[in-house]
Amino acid sequence: MISKGKLAQIHIAKQQLGLDDEAYRALLARAAGVSSSKQLDDRGVTLVLKEFKRLGWVPKAPKRAGRKPNTFNKHEALAKIEAQLADMGLAWAYAEAIAKRQTGIERLDWLRTEKQFKGVIAALHIEQEKRGYLEYIDRCLVAMGETRENLPRRYRLPPRWERNLPVLKALAKALPEPPRNTDEPAFKD
């Protein structure tokens, strides 16, 4: 006896090809030598489905076909967020404020999807980049004997330039590179 899934597949193919009962039974007899689908064995099912395909039937992929398996681990995401916060010396409240702004959810523990966690992680990564560029710019300014207050006039910087990552990147490239210690990262590309 064949499985219910295979039997359903045969009847779906029959319907999609628009076969009447007489044509359907003739196909079963021709392909597998049976008069009813309930008489089919595994080999017969294969032969009947092959005949349906020859007649133009195209089986649809299962609804779950092609989906990625869910390998998301909430605890790993929280650990990543914790590491980013520790690196910048920030409290959990900072990440929770990001989560609330992005999702409307007040607590990191209440986030459910990978997308929600990735949004918080990406925002923290951008904050790390901004802080890194600001540190580099400050080192450049110290080497030049300058301060941040003089930069907006000198380079025509927009308001809140310290929070604007593209401006920080451009400024880091424009400033002369300070003498470097071997343990300090450089931001010149």
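## Exercises on helix packing in a predicted model

In this predicted model, Lys 74, Ala 77, Leu 78, Lys 80, Ile 81, Gln 84, Leu 85, Asp 87 and Met 88 of α4 meet Phe 117, Val 120, Ile 121, Leu 124, His 125, Glu 127, Gln 128 and Arg 131 of α6.

**Exercise 1.** Starting from that contact, determine its make-up by residue class, and then establish how α4 and α6 are oriented to each other.

*Solution.* Sorting the residues of the contact of α4 with α6 by class gives nine nonpolar, three polar and five charged. Turning to the geometry, the two helices, α4 and α6, pack at an angle of about 20°, and their axes are 10 Å apart. Angles under 35 degrees count as roughly parallel, and α4 and α6 are therefore roughly parallel to each other. As for handedness, the crossing in which α4 passes α6 is left-handed.

**Exercise 2.** Locate Glu 127 in its helix, decide whether Glu 127 is buried or exposed, and list the residues that Glu 127 touches beyond its neighbours in sequence.

*Solution.* The first step is the location: Glu 127 belongs to helix α6, which covers residues 114–144. The second step is accessibility, where the relative accessible area of Glu 127 is 5%; since buried means under 20% relative accessible area, Glu 127 is buried. The third step is the surroundings: when residues up to four places away in sequence are not counted, Glu 127 touches Met 88, Tyr 94 and Arg 163. Of these, Met 88 is also listed among the α4 residues that meet α6, while Tyr 94 is listed among the α5 residues that meet α4.

**Exercise 3.** Describe how helix α4 packs with helix α5, giving the angle, the distance between the axes, the handedness of the crossing and the residues that meet.

*Solution.* Helix α4 spans residues 74–88 and helix α5 spans residues 92–103; the two pack at an angle of about 120°, and their axes lie 9 Å apart. That angle makes α4 oblique to α5. Where α4 and α5 cross, the crossing is right-handed. On the α4 side the residues are Leu 78, Ile 81, Glu 82 and Leu 85, and they meet Trp 92, Tyr 94 and Ala 95 of α5. By class, this contact of α4 with α5 holds six nonpolar, no polar and one charged residues.

**Exercise 4.** Carry out the analysis for helices α2 and α3, from angle to residue classes.

*Solution.* Helix α2 (residues 21–32) packs with helix α3 (residues 42–54) at an angle of about 120°, with 9 Å between the axes. The two helices, α2 and α3, are therefore oblique to each other, and α2 passes α3 in a right-handed crossing. From α2, the contact draws on Tyr 24, Leu 27, Leu 28, Arg 30, Ala 31 and Ala 32, and from α3 on Gly 44, Leu 47, Val 48, Glu 51, Phe 52 and Arg 54. These residues divide into eight nonpolar, one polar and three charged.

**Exercise 5.** Place these helices in the protein chain by stating its secondary structure, its overall dimensions, its buried share and the sequence separation of its contacts.

*Solution.* The protein chain has eight helices and zero strands. For the dimensions, the radius of gyration of the protein chain is 32 Å, whereas a compact globule of 189 residues would have one near 16 Å. Along the principal axes, the C-alpha atoms fill a box of roughly 95 × 35 × 35 Å. Buried residues amount to 28% of the 189 residues. Finally, among contacts with a separation of 6 or more, 54% are between residues 24 or more positions apart.

Methods: Residues numbered from 1 in each chain as written. Predicted model: local features only at pLDDT ≥ 70, side-chain atom pairs only at ≥ 80, totals over all residues. Heavy atoms only, no water. Axes fitted to C-alpha atoms, helices over the stretch in contact; angles between N-to-C directions. Helix = DSSP H or I, 4+ residues; strand = E, 2+ residues; numbered from the N terminus. Parallel < 35°, antiparallel > 145°, perpendicular 65-115°, else oblique. Left-handed = near helix turned anticlockwise from the far one by under 90°. Contact = heavy atoms within 4.5 Å. Nonpolar A, V, L, I, M, F, W, Y, C, P; charged D, E, K, R; others polar. Rg over C-alpha atoms; globule rule 2.2 N^0.38 Å. Buried < 20%, exposed > 50% of the residue type's maximum accessible area, 1.4 Å probe, protein only.
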